[in-house]
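Hello,

Here is the structure for you to look through. My notes on it follow below.

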Amino acid sequence: MANRNFTLGIEQARTLDQQDVLSKFKDRFYPLSGNKIYMDGNSLGLASKDAEQALLKVMEVWKNEGILIWNADNGHYFNYGKNLGARVGKLLNAEANEVMITANTTLNIHQAIATFWKPTKERYKILVDDLNFPTDRYAIDSQIALKGMCIDEVIKIIPSQDGVFIDEQAVIEAMTEEVAVILLPSVLYRSSQLLDMERLTKEAHKRGIYIGFDLCHSIGAVAHDFKTVQPDFAIWCNYKYLSAGPGSTAGIYINQKHFDKQVGLAGWFGNKDETQFQLKHQFDQALDITAYQTGTPNIFSMAPLEGVMNIYEEAGMVNVRAKSLNLTAYMMYLIEERLGVYGYSYNNETEDSKRGGHVALVHDEAYRICLALKQHNFIPDYREPNVIRLAPIALYNSYEEVYKLIDTLELIGKNKEWNNFSNERAIVI
């Protein structure tokens, strides 16, 4: 971890908050009821006033225009996915025509695999890791089954040696001649490890392999540079750091060099605009990212993202990333200095360039500590078997909130408050 000259005592936290160039954005988000402190923005971001206003605006347009909503504002809502994609694409440093807001994460994985995976006798395997979020495997396994192939013969898994991190060199060594496609997370959802996507992409392309990334746990927290990385595809959700609301429409990136490919899953909104309403039964594929849409866009699930992008564009992704790194570094410093004696540690890379936006706090009693934290009005996130994910979000969390969290974790540790709670798992943790 870079030396940031952190010190103990709440005075430094308050000084850092006074110096914070992003502190003004906290008022743009709605606080939770009961003065709860939210540390779960890596699972579902808080509601913002900007998101609310954007959603209410869509309601007004629908109320006033009916079917003519598709023509309103020069077709803004008809092209909503592409218009929003161009704005989100700036967070990736991608071209405006390479990003589409559409569908959900799992369906976009299906779309990407169906498009890029064309197995042959010589090149047919799909390379994955064993730590990625399960939905990625569910979609890939389904695509394999749809082709009548044996999942175990097609999937090539890179095992983690410690169950915490991915060894990038092991991934590269597994890029053998029978591998056709690779799908990896940009940031591991448990440990917050940030992969070197540029390195992995270059190695894949040297071997003629397509490579894509799941950005669910990095977009909005990490300043990506896809003009440098040049992956073939990427997918993500928009409800975590980007705070676009529960179940908000997801995103997909396709490198423009692949726009000549036949899209894997065709639908009428992937048709060229010029011929879409001719309603021909022959798909006339759009020649850019538009082709990767399927059905009619879910405008209500997209509108909050339009509002949130106003905040991101004002704040600047460079500033967001800088504060995110400093918040997590500060949290890890306090964990090291104050909580080790109570059995706490963390599964995080300490180097900034290898860390995403959350801290993976580890404790043998992690589940019950999560319950205790909620009783103390903190909202954390739990992941089996022993990880409490803590995400201080740059746009609405403060250094003082991080300090108070450590105070509470210390109190729980001193008093072994986890003994007051059952270890029986709830359906949603």
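Start with the buried residues of helix 5: Thr105, Asn108, Ile109, His110, Gln111, Ala112, Ile113, Ala114, Thr115 and Phe116. Bear in mind that this is a predicted model. Helix 5 is mostly covered, with 10 of its 12 residues buried. Buried here means under 20% relative accessible area.

What does the covering? Strand 3 (125-129), helix 6 (134-146), strand 5 (179-185), strand 6 (210-214), strand 7 (233-236) and strand 8 (251-254) are included in what covers those buried residues. Helix 5 lies across strands 3, 5, 6, 7 and 8. Its direction runs at about 165 degrees to strand 7.

Helix 5 spans residues 105-116. From first C-alpha to last it reaches 16 Å, close to the 16 Å expected at 1.5 Å a residue. Asn104 caps the N-terminal end of helix 5. A side-chain oxygen of Asn104 lies 3.2 Å from the backbone nitrogen of Thr106.

Now the sheet. It is open, has 7 strands in the order 2-8-7-6-5-3-4, and its pairing is mixed. Strand 2 (99-101) and strand 4 (155-158) stand at the edges with a single partner strand each, so one side of each has no neighbour in the sheet. From one strand to the next, the twist averages 20 degrees.

Strands 5 and 6 pair in the parallel sense over 5 bridges. Leu184 has Phe213 in strand 6 as its bridge partner. Helix 4 (residues 80-92) also packs on the sheet, where it touches strand 2 and strand 7. The direction of helix 4 makes about 125 degrees with that of strand 2.

Best wishes

Definitions and conventions:
Residues are numbered from 1 along each chain as its sequence is written. This is a predicted model: local features need pLDDT of at least 70, side-chain atom pairs count only at pLDDT 80 or more; totals for chains, interfaces and linings use all residues. Side-chain values use heavy atoms; hydrogens and water are left out. Helices (H or I, at least four residues) and strands (E, at least two) are DSSP runs, numbered from the N terminus. The expected span of a helix is 1.5 Å times one less than its number of residues. Buried means under 20% relative accessible area, exposed over 50%, partly exposed in between (1.4 Å probe, protein chains only). Contact means heavy atoms within 4.5 Å. A polar contact is a pair of N or O atoms within 3.5 Å; within protein, one must be able to donate a hydrogen and the other to accept it, and residues adjacent in sequence count only if both atoms are side-chain atoms. Two strands pair if DSSP finds at least two bridges between them. Axes are lines fitted to C-alpha atoms, for helices over the stretch in contact, and angles run from 0 to 180 degrees between N-to-C directions.
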